[in-house]
Amino acid sequence: MAVGPVGLGLVDCHCHLSAPEFNSDLDGVLEKAKKANVMALVAVAEHAGEFERIMQLSERYAGFILPCLGVHPVQELSPEKARSVTLKDLDVALPIIEKYKDRLLAIGEVGLDFSPRFAGTDEEKEEQRQVLIKQVQLAKRLNVPLNVHSRSAGRPTINLLREQGAEQVLLHAFDGRPSVAMEGVRAGYYFSIPPSIIRSGQKQKLVKQLPLSSICLETDSPALGPERQTRNEPCNISISAEFIAQVKGISVEEVREVTTQNALKLFPKLQYLLQK
C-alpha cells in the first residue's frame with residue numbers, strides 16, 4: 001500500500017546543514033531546496049560540537065529539517081586536523097543524544113572509515129568498531145534507524161551491522177563493490193545516492209545492480225556535488241534522481257516516487273515529523 005498521496009516531494013536522506021559552508025546563506029539554500037520539490041532534509045552530525053546547532057535548525061525549520069545525532073568515524077578538529085574517532089569522543093556525545101532522544105529521526109552519521117590516513121593501525125580500526133557497536137546498540141534501544149558512513153570499509157561495515165542485528169540501515173554514498181552492496185540489500189538495508197553519481201563510475205555500477213526498492217536519494221551537502229570542489233546543495237538532489245532514471249532506463253517520476261516511499265519506510269518517524 002502506498003504511503004501518503006501520489007506526488008510527494010523528495011527526501012534528502014543525508015546532508016550536513018550545520019556545516020560552516022552554509023553559515024551565511026542557509027535560508028536561501030533551503031528556499032532553493034523547496035523550489036526543487038524537496039519535502040524533507042535529513043540533517044546528520046559528525047561530532048558532539050554540532051549537536052546543538054542541528055537541534056536548533058530542526059526547531060527553526062520544524063517538519064522540514066529532521067535531526068540525526070551521531071559520532072562519525074573521522075573527527076575533524078579543524079580543516080587541517082582530522083583523526084580516527086575514540087571512545088572518549090563518544091562519551092562526550094552520549095549525554096547530549098540522550099537529552100534529545102525523543103526528537104531524533106535517526107542516529108548518524110556513524111560508521112567505519114578505513115582510509116589509511118585515518119585508520120592506519122589495527123588499534124584505530126578496532127576503536128572505530130567499538131564506537132560503531134555502541135551506537136548500533138543505542139539505535140536499537142531507541143528504535144531508530146542508522147545513517148551510516150563506510151569509506152574503504154564496505155564489507156566490514158555491513159558485516160558488523162548484521163552481526164549486531166541492525167535492521168533499519170541507510171548506507172550513504174557507498175563506495176564498495178556492487179557485490180558487497182548486494183549483501184546489504186539481502187539484509188534489508190537501503191543505499192542513498194548523491195549527485196556525484198554523474199562523475200563516478202563506481203556509483204553508476206552500483207545503481208545498475210541495486211534494485212530501485214533499495215535506493216534512496218541524498219546530497220551529502222556540502223560535499224559530493226555534481227562538480228568537484230564546488231559546494232553541493234540539497235536542491236541538487238534532482239540530479240541524482242535524473243541520473244538513476246537514466247542508468248536504469250526508467251522514468252524520473254518512478255525514481256522520485258519509489259525513493260520517497262523507500263525513505264518513508266526506512267525512517268518511520270518521517271511521516272509523523274512532516275505533519276508537525
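**View 1. Helices H7 and H8 cross in this predicted model.** Helix H7 (residues 201-209) and helix H8 (residues 237-248) have axes that come within 9 Å and cross at roughly 60°. Axes here are lines fitted to C-alpha atoms over the stretch in contact, with angles from 0 to 180 degrees between N-to-C directions. Helices are DSSP runs (H or I, at least four residues), and strands are E runs of at least two, numbered from the N terminus. On the H7 side, Gln204, Val207 and Lys208 make the contact (heavy atoms within 4.5 Å). Their partners on H8 are Phe243, Ile244, Val247 and Lys248.

**View 2. Two histidines share a "binding site" label.** The label comes from an unreviewed UniProt entry, which puts it at His149 and His172; such annotations may be inferred rather than shown by experiment. The pair spans 24 residues in sequence, yet their C-alpha atoms are no more than 5.9 Å apart, so they gather at one spot.

**View 3. A closer look at His149 in strand S7.** That strand covers residues 146-151. His149 is buried (under 20% relative accessible area, using a 1.4 Å probe and protein chains only), with a value of 8%. Leaving out residues up to four places away in sequence, His149 touches several residues, including His72, Glu109, Asp113 and His172.

**View 4. His172 sits in strand S8.** Strand S8 runs over residues 169-172. His172 is buried too, at 5% relative accessible area. Beyond its neighbours within four places in sequence, its contacts include His14, Glu109, His149 and Asp220.

Residues are numbered from 1 along each chain as its sequence is written. Local features need pLDDT of at least 70, side-chain atom pairs count only at pLDDT 80 or more, totals for chains, interfaces and linings use all residues, and side-chain values use heavy atoms, with hydrogens and water left out.

How values were computed:
Buried < 20%, exposed > 50% of the residue type's maximum accessible area, 1.4 Å probe, protein only.
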